[in-house]
Structure formats: C-alpha cells, structure tokens
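Dear colleague,

I am handing over a structure for you to look through, and beneath it I have written out what was found, going from one region to the next. Please keep the structure open beside the text as you read.

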Amino acid sequence: MNKLGRLIPIIREISRVQKPGKKTLQKLVYLIERKGIKLGFDYSIHYYGPYSSGLDYAIHRLEMQGVLKINTEGMTHQIVLTEDGGLIWEGEEETLSGEELPLFEDVIAKFAAKSAYDLEIITTTDYVAQQLKANGESWDHDSIVKGVKKIKGDKFTQEKIEEAIAILQKEGYLEL
Amino acid sequence: MDFRDPIHGFIPVRPLERKIIDSRPFQRLRHIKQLSLTNLVYHGAEHTRFGHSIGVMHLVTRAFKAVVTNKDLFSEEQKEWYEQILRLMALTHDLGHAPFSHGSEAVFPDSLVHEDYTDNIIMNTEIADYIREIGQEFVTKYGEEYNITPELICSIYRGRNISNPDFIFLRKFLDSELDCDKMDYLLRDSYYCGVNYGRYDLERLISTLTVYKEENNKNLYLAIEKGGLYAFEEFVLARYFMFIQVYFHRTRRFLDKILVEFLKKNLPDGKYPEDIDEYLSWNDNVVWRLIKDSQDKDEYANRLMNRRIMKCVYESPTHSEYNDRRIFNLIKNELEEKFGKDNFIYDSADKLAHKIPLKHTIDSEQDIPEQAIPIILDHTKTPGTISTESGVIKNMTEPINIWRIYAKEEMAVRAKNLVNDIFNKMSS
C-alpha cells in the first residue's frame, strides 16, 4: 500500500478547511481510517487519545519529499502543503477510490472544522469503545464512559463524553 | 540464576523467566543477528537478538527502579507487578523478528509487521503458558487484579490497553525517545561493531531518570532531571552517529537490499509464512542455506555468498533535501539512458535524528506531546523543554535522508565518470 501517496489528497482536503496541527491531523486520519478507508496506520492509546507513530513519521517523510512543511509556531507544529507540491505530487499521489471518496468527504464535512480538543474526546471515546468490543468486554454506554474516564481522568466532563458518544452514534461509528 | 552479559555484566534472571528463555521461540533468537548483514562490514557484529532481549530486560528493571524508588507513585504491590510486566515485555519484545532482524522485513506478508508475529508467538506458543505461570504467582500473592496474562503483555506493549493509564507510562520505558531498547542496542551494537559512536553515560542517564506528574490529572511522564540533560544529549547524539556510521553504512544497505531481492525470488510466494509454527522455523541459518544452495543460479545469492559488492557511484548529502532528490533523479535517468536499467540498484535511507517536540506544553490544545521528554528543573514546577534546555538537540532538526546509486562492477568506472560530468556541468 502506498501510504504516503494516499495521505497526500487527505491532507490537501483537510487543509482547505483548516491549517491542521499534528494533533488534529492524527485524529482526523484516525476517523477516516475508521470509516473503512485503509491507510495502514496502527494506533495506540496515549494520554491525548489514539496516536500513530507511523503516521507521525509519514508526515515527516512527506516533508523530506517537499510535499509539505511542518512549521513550528508558538507551541504548535502546523502542517502546510508546499506550493509546488514536491516531487511526488504528480506521479506518486494516489487518489481515493470511487467507493472511498464519499466516505472521506463525509468525514471532512463532519469533523474537519472541529477543534483538536473536540477531536481528542471523540476519537478517545471511539478507541475505548473499539477496544472494549475487541476484548469481548461490555461496551454499553456506561462502560464506554467509565473507560474514557479511566484514561482521561477529569479532563472531560460526563456531558462532554456523552456528547462524543452521541456524535459517534449519529455519524455511524458506534451502534449501541 | 545470572546470565553473564558483555555489556551489563551479570544479569539476574528469575526461575520462571528462565523457562521463557529456554523455550524454542526464544532460543531461535540466538540465530537472528541483531544487525542483519552488518557483520560483513564490521566483522565483530555477530551478536543476536538473544543477548539484546535479556539486556533490555535488565535495563528496564534498573530504569524502573531508579524512577519509582523513594517516590510515592505506586504501592509496593504495584511496583512489584509493574516491574514484572516490564521485564516480560522487554524479554519478549523481539520474539517476532524475521531472519536478519529488520534486514528482511520487506518480505513480510502484506500489512504484517514484526510486532504482529511477536503478539502471535507470545499468545500462541509455550511462551503463553510460562507467562500465565508468572501471573498465577502474582494472583496467589496479591489477588486476581495482579494477574499477568499473555494478552496483558501484548496489549500494553502495543499501546492498546485502556484499563489503566499507568500502562501508558510503563510503555514509555520500551517505546519512547528515552527507552531501554535504544539504551541497550546502542551500547551493544557499538561494542560488537568495535566502534565508539553509540557509547554514552548509561549510569548517569539511568540515575537521572525521573517522573513528571501533571498537576491536574494522573498522567505520568518519563522525564529526566536537569542534571542528566548532558547524558541525554550524548544518548541522542549516539543514536544519530550510529545511524550514519553503522545502520546506514553504504555496504550494509546494499547487502540488505539484495537480501530482500533474493528472498522475494526464492521464498514461497516471495514472502515469509503467516503461520506461526512455519515462521518460527525461519532464522538466519536457514536463509544462508538457501543462499548457498542458490549461489550458482542466482546473482544476488552469489553476491551475498562471496561478498561481491556493487560500487556506490552516487551518494547524496547525509541530510539531503528535496532539491537533492531532483539531482538524484537526473543522475538516475542519465545513467539508465546510457547504460540500461538493469545495471543499477537504488537505495534511500531516512531517519529523524529524534522525535522530541522542540516546544510543547504538556497539555497542548494543538500539538501532540506524546514524544515529549519533560526536563525537571530545580526552581520551578513547570518542566523545561528541549527548546529551552538543550541547544544541541534543539538544532538537530534535519532528518537523515540519504540517496544512493550502486552500479555493477563492469560499468562502475564509466558510471562514476558520468556522475562526475553531471556535477561538473551543474557547477560550471
């Protein structure tokens, strides 16, 4: 799978909505993969939600190839596509398939404008639900809330976690 | 009992851990070289994943003890339990390596990585039984919540365990910019290669490891005291030098490249098997036998057997930028036009000098501080960052990014002349 090539159109579309930081990009790509658009990144749980070191490295590889720049502004690393798109822009970029495109556009429309804070709780909630399911544990509403609180402590209120569950249900990520 | 190790001296091993070491999957690691074919460049590099795995177990124990001793972080039971979990994660973390370690990972079945094989071996071989035995000892001693299972070890190591935020912290000892895997392999690889590039002050580094606890929640970060910053800088630099001088050595890269090409042609379906029993039958010796048997009919096998190295006729700057890739492409096209495609092999090797964010706040809205190493200062509760505390690491921002072209011996001189002509034209 051409991970880098598939990542380019995704970053381009996200950049039309906002200049993403690394955190925003991680969370949006996670949500895109969860919709069934396979990019092949492996996510582990960190304090700030699901995180893929492979995706982080892929972003740096794209910078090495001149596709994007990672600008350090203040305390953030902001990802900006270069004007000429680097050398692999033309030949090696891989467009999403006809089946994938509407799913991808839906994620962009629903989530790309959200703040990194909101994306953190939404993706963490989803990750917790998926792990509970994978482990064969109870994954009802209360178990998910409890699971998120274990990881997040008091960072997010009960209401905020419930709001995340509602969004995930509405957008087809969770069926409780 | 103790294992005598050339890097760390005597390494204590507990009786039930010994069962893991004596198992077939672990003994297989004696036949998987740590550095692939590097022994054909640095002849001392004969060491294997076996010693490294035991070394990491030893270091992770030392590091964890250094961090938690005299701190009110965990109960005594928790400390004992976490330490055992870490030891088992360390001991088993490389069980899934392919022959020649990273050197032949390119022929894994689609989408599999060596960690997937590790999980499979831990959960589906005798290793699982030995881990459960250790878990049962803890259950007997402290109760069911202190059980250790193969699934627990795998889920913490892969970062998929959501049951306890402390597990995120434990994982940092084995997968972070300050992890014991790197601490061991730098010293071990340096020792066996006979180089000094990977050496650093291990004792100082371990003695200054500490923890940063966020005020508003329970998150724990593996951190370093300000006094250990220079040992940490040395550690980061050691890794950088090892990549440039050893891991990305031009001859080693060439050998790994042709090993992969050989395996693609000679393995069933061009890939290692997914089945774990079949996979475990593969090691360096088995591949060498295949190479030996094929040397008269396969060019790559012949090159590997007889150490026939194609000549490197172009090498980009160590920190090449994308304009350098334009030059690489130009040279590649001209060489192929003049001499034909089949006479050349191309390689690119890249690595970040480090992944530590230069500036970060621990709870950042926009950024990801997952790789942050907080630096604990005497005068303030707010930890320092690399940006404020380390001029050396702060300036190591350019990734290693090397492009190479190797030419067959018979046209190496002419190819090299053509490369020189291209550069002369560009500079005139």
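L330(B) is found in helix α16 of chain B, and in this predicted model the residue counts as partly exposed because its relative accessibility is 35%, a value that falls between the 20% under which a residue is called buried and the 50% over which it is called exposed. If you look for P99(B), which is 231 residues away from L330(B) along the chain, you will find that the C-alpha atoms of the two are separated by 36 Å.

On the surface, L330(B) belongs to a nonpolar patch that it forms with F423(B) and M426(B), and the three together have about 230 Å² of accessible area. M426(B) lies in helix α19 of chain B, which covers residues 409–427, and this residue too counts as partly exposed, because its relative accessibility is 39%.

Helix α16 of chain B also leads us to the second largest pocket, since α16 (322–339) of chain B, together with α3 (53–64) and β3 (68–73) of chain A, is an element that supplies at least two residues of the lining. Which element gives the most to that lining? It is β3(A), with five residues. The pocket holds about 710 Å³ of space and is lined by 32 residues, among which H60(A), E63(A), I70(A), T397(B) and P399(B) lie nearest its centre. When the lining residues are sorted by kind, 13 are nonpolar, 11 are polar and eight are charged.

The next topic is the salt bridges, of which a search of the whole structure finds 45 over all chains. I have picked out a few for you to follow.

In chain A, E171(A) forms a salt bridge with K110(A), and the closest N and O atoms are 3.2 Å apart. This pair links distant parts of the chain, with E171(A) in the segment after α8 (158–170) and K110(A) in helix α5 (residues 100–111), 61 residues apart. Are the two partners buried or exposed, or something in between? E171(A) is buried, because its relative accessible area is 11%, whereas K110(A) is partly exposed, because its relative accessible area is 35%.

Also in chain A, K155(A) forms a salt bridge with E120(A), with the closest N and O atoms 2.9 Å apart. K155(A) lies in the loop between α7 (141–152) and α8 of chain A, while E120(A) lies in helix α6 (residues 116–134) of that chain, so the pair ties together parts that are 35 residues apart in sequence. E120(A) counts as buried, because its relative accessibility is 0%.

In chain B, the side chains of K65(B) and E83(B) meet in a salt bridge, at 4.0 Å from N to O. Here too the pair links distant parts of the chain, as K65(B) is in helix α3 (residues 49–68) of chain B and E83(B) is in helix α4 (residues 76–92) of chain B, 18 residues apart. K65(B) counts as partly exposed because its relative accessibility is 42%, while E83(B) is buried because its relative accessible area is 11%.

Some salt bridges are joined up rather than standing as single pairs, and you can see this in D42(A), D116(B), D119(B), R158(B) and R160(B), which are linked in a network.

Please turn next to some loops of chain B. S111(B), found in the loop between α4 and α5 (114–124), has a positive phi of about 70 degrees although it is not a glycine, and it counts as exposed because its relative accessibility is 72%. D269(B), which lies in the loop between α12 (250–266) and α13 (276–280) of chain B, likewise has a positive phi, near 60 degrees, in a residue other than glycine. D269(B) is exposed, because its relative accessible area is 77%.

Finally, T382(B) is found in the loop between β7 (375–376) and α17 (386–389) of chain B, and this residue is exposed because its relative accessible area is 54%. How many ångströms separate the C-alpha atoms of T382(B) and E215(B)? They are separated by 9.8 Å, although the two residues are 167 residues apart along the chain.

With best wishes

Methods
Residues are numbered from 1 along each chain as its sequence is written. Chains are lettered from A and ligands numbered from 1 in the order in which they are written. This is a predicted model: local features need pLDDT of at least 70, side-chain atom pairs count only at pLDDT 80 or more; totals for chains, interfaces and linings use all residues. Side-chain values use heavy atoms; hydrogens and water are left out. On a 1 Å grid over the protein atoms alone, a cavity is a set of points where a 1.4 Å probe fits but cannot get out, and a pocket is an open set with protein on both sides within 12 Å along at least five of seven lines; lining residues have an atom within 4 Å of a point. Grid points are joined across faces, edges and corners, and a volume is the space filled by probe spheres set on the points. Helices (H or I, at least four residues) and strands (E, at least two) are DSSP runs, numbered from the N terminus. Ala, Val, Leu, Ile, Met, Phe, Trp, Tyr, Cys and Pro count as nonpolar, Asp, Glu, Lys and Arg as charged, and the others, Gly among them, as polar. Patches are made of residues with over 30% relative accessible area and no salt bridge: like charges are joined within 9 Å, nonpolar side chains (Val, Leu, Ile, Met, Phe, Trp, Tyr) within 5 Å. Accessible areas come from the Shrake-Rupley method with a 1.4 Å probe; for residues, only the protein chains shown count as cover. Buried means under 20% relative accessible area, exposed over 50%, partly exposed in between (1.4 Å probe, protein chains only).
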